[in-house]
Amino acid sequence: MSKLRSLTAAVAAFSMLLASCAGGQGAASSQSASSGSQAAPASSAAPASSAAPAQEEKAAAGNPSKTGLPIVEETVELKALCDKDINTTDWSSHPALARMEEITNVKITWDCVPDAGFAEKRNLLFASNDLPDFVIRAKLNAQQEMKYASANQLMKLDELMDYAPNFSELTANDPNIMKNIVLPDGHIYALPQLNTTDGNLIMKYWINKAWLDKLNLPMPSTTEEFYETLKAFKEKDPNGNGQADEIAYSGSAKDGACNLFYNFMGAWGFGKNAPLGSTDFPYIDFDENGTVSLIPLDPRFKDMVSFFNRLWSEDLIDKESFSQDRNQIVSKLTADQVGFVSDGNNTQWIGPARSNFVAMPALTGPDGERKWINISPYVQTTGTACITTSNPYPEVTMRWLDYFYSEEGTVLVRLGIEGESYYVDDNGAYQLFDHIQNDPTGLTLDQALGKWALFCGGNFPQNIKDEVDKSAAQLPETKEANEVVRPDMVPYNQIPKLKFTEQESIQLGNYAQDLLSYINENTVKFITGERSMDTWDAFTQELSKMNVDAYLKIYQDSYNRWKG
């Protein structure tokens, strides 16, 4: 990162941005931040708020600096919850975090929870109000941010911006950051992951090029050609072992039916104006005028589901796709049994068979539609880190988190430790050591680098740029894959990060679970043939009775706020 402009200018710019997002309320919050004051949490059901004076006294004792290192002269101890990716060394003994303690004088006791159980642990801690001082790799969605903020469990981070010089500069330079993280009440409660690296933002699907070559097949360009390719993969023994063990298309959609077909939705015209992403997919679409609609009530969705029902009925989709996880897919890939997968922004996860797979272009659908919608905006992830109202040192914590938005901090996250995992060459560029790029024990790049760096799995407060990223996003094959789908990509600036008011979050809690469960369960049944496509009208009639208008209004209002 270039040298910071003055902190005063950055905070002033932030105040103007916040005021534009939230009127008087946001402006007042910015004024509080610029004066360096720390507003005491409002009283509510959260017991921690009653301890505000004691917290302020402790924070004063910490005496954090607003710039420079260390953050505090005397060691401050904090407790934190984190989601640990499988490729990352335990955070309690991780070299990058040991370095952070050394340079900041902040000692953190980590509660590291493996990814599979993290959401449950996080939710239980907030439900019981047994809160850590902060949560990182928090993976909070918009409703959770608002829910916990309304319960007075999250600090207003905009009131701590005096202690975030790096993030303040970024928001001053790019107003789109604020647009995507400020909640409707005018405050920020969680920090984002920022990213301008295409290889991290563009998801792809992958086809077995070795099988295409073996069978002398062209790359599919339409959904019908894709069907014919899968049939050939299934029937013509492309792995050459003389056994009928080929799986044309293997997926992992146990967490949501859309994981099987999301990358194909642009072929039926969905998501081309404002895609909302496959995570917690709300089955919402917006037309060219910004008007919201529920995708399953659109006849094109029936056509798409019918297509996948045909693939399923002809045994072209792995019958374990709605029950298996990624590790099970990798086992099949390693055994050279799979022709196509629809997951990941690079092929590292595929394992030893990854050299056989290349990106397939966006397909043209039956009505001539073609759009690639599975991409993230530059504000790649929201809800990555939050400070709870139980924290006795919120200013210290904000400084600690803000460090990762500096170039040095992002290098620590992305590349690890200089002299161990990376070095700086004669041209001033960051370079990984050969033993990281080509691990002698056969580890992938992410696995080898995860011993020294923290980036694996994403969802981290950081500012990723090509210059400081040496992950698989920078591999030549990943960059080549980006170009395969780039011509049909939705522009980055059309992808919203929607936020909801407290009331909207409550209403979504009432409407969304039943509505989305009904959609997901029946979509799986239609695809697998458990429910006949002849009953589609009955499905949509029942769906129309499930508070659809109220559900759509929430998304319409949120989208209208986002557009401004």
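Which residue in β3 is the bridge partner of Leu81? Keep that question in mind while you look at the whole chain, and remember throughout that you are viewing a predicted model.

**The whole chain**

Start with everything displayed as a cartoon, where the secondary structure comes to 21 helices and 13 strands. The chain has 564 residues, and buried residues make up 56% of them. If you consider the contacts between residues at least 6 apart in sequence, 77% of these join residues that are at least 24 apart.

**Strand β1 and its partners**

Now select residues 76-84, which form strand β1, and notice that this strand is mostly covered, since seven of its nine residues are buried. Add residues 106-114 to the selection, and you have strand β2, which runs parallel to β1 and is joined to it by nine bridges. To find one of the places where these strands meet, pick Glu77 and look across to β2, where its bridge partner is Lys107. Next show residues 95-104, which are helix α3, and follow the path of the chain through β1, α3 and β2, which together make a right-handed β-α-β unit.

The other neighbour to select is strand β3, residues 134-136, which pairs with β1 in the parallel sense over three bridges. Here the opening question can be settled, for the partner of Leu81 in β3 is Val135. Cys82, in turn, stands opposite Ile136 in β3. In general, strands of a sheet pair through backbone hydrogen bonds, either parallel or antiparallel.

With these strands in view, widen the selection to the open sheet, in which six strands lie in the order β2-β1-β3-β10-β4-β13 and the pairing is mixed. The edge strands are β2 and β13, the latter being residues 463-464, and each of them pairs on one side only.

**A residue to focus on: Val396**

Is Val396 buried or exposed? Select this residue, which is found in helix α14, residues 394-402. Its relative accessible area is 1%, which falls under the 20% cut-off, and Val396 is therefore buried. Leaving aside residues up to four places away in sequence, Val396 touches Pro64, Ile71, Val72, Val76 and Val106. You can also draw a distance from the C-alpha of Val396 to the C-alpha of Leu160, which comes to 9.7 Å in space although the two residues are 236 residues apart in sequence.

**Helix α12 with two other helices**

Move on to residues 299-313, helix α12, and display them together with residues 502-528, helix α19; the two helices pack at an angle of about 50 degrees, with their axes 7 Å apart. At that angle, α12 and α19 are therefore oblique to each other. Show the side chains of Phe301, Val305, Phe308, Asn309 and Trp312 in α12, which meet Thr523, Phe526, Ile527 and Thr528 in α19. Sorted by class, this contact of α12 with α19 has six nonpolar, three polar and no charged residues.

Finally, keep α12 on the screen and add helix α10, residues 223-235, whose axis comes within 11 Å of that of α12 and crosses it at roughly 10 degrees. Helices α10 and α12 are therefore roughly parallel to each other. In this contact, Thr223, Glu224, Phe226, Tyr227 and Leu230 in α10 meet Phe307, Arg310 and Leu311 in α12. By class, the contact of α10 with α12 has five nonpolar, one polar and two charged residues.

Key: Residues are numbered from 1 along each chain as its sequence is written. This is a predicted model: local features need pLDDT of at least 70, side-chain atom pairs count only at pLDDT 80 or more; totals for chains, interfaces and linings use all residues. Side-chain values use heavy atoms; hydrogens and water are left out. Buried means under 20% relative accessible area, exposed over 50%, partly exposed in between (1.4 Å probe, protein chains only). Helices (H or I, at least four residues) and strands (E, at least two) are DSSP runs, numbered from the N terminus. Two strands pair if DSSP finds at least two bridges between them. A crossover is right-handed if, with the strands pointing away from the viewer, the path from the first strand over the helix to the second runs clockwise. Axes are lines fitted to C-alpha atoms, for helices over the stretch in contact, and angles run from 0 to 180 degrees between N-to-C directions. Angles under 35 degrees count as roughly parallel, over 145 as roughly antiparallel, 65 to 115 as roughly perpendicular and the rest as oblique. Contact means heavy atoms within 4.5 Å. Ala, Val, Leu, Ile, Met, Phe, Trp, Tyr, Cys and Pro count as nonpolar, Asp, Glu, Lys and Arg as charged, and the others, Gly among them, as polar.
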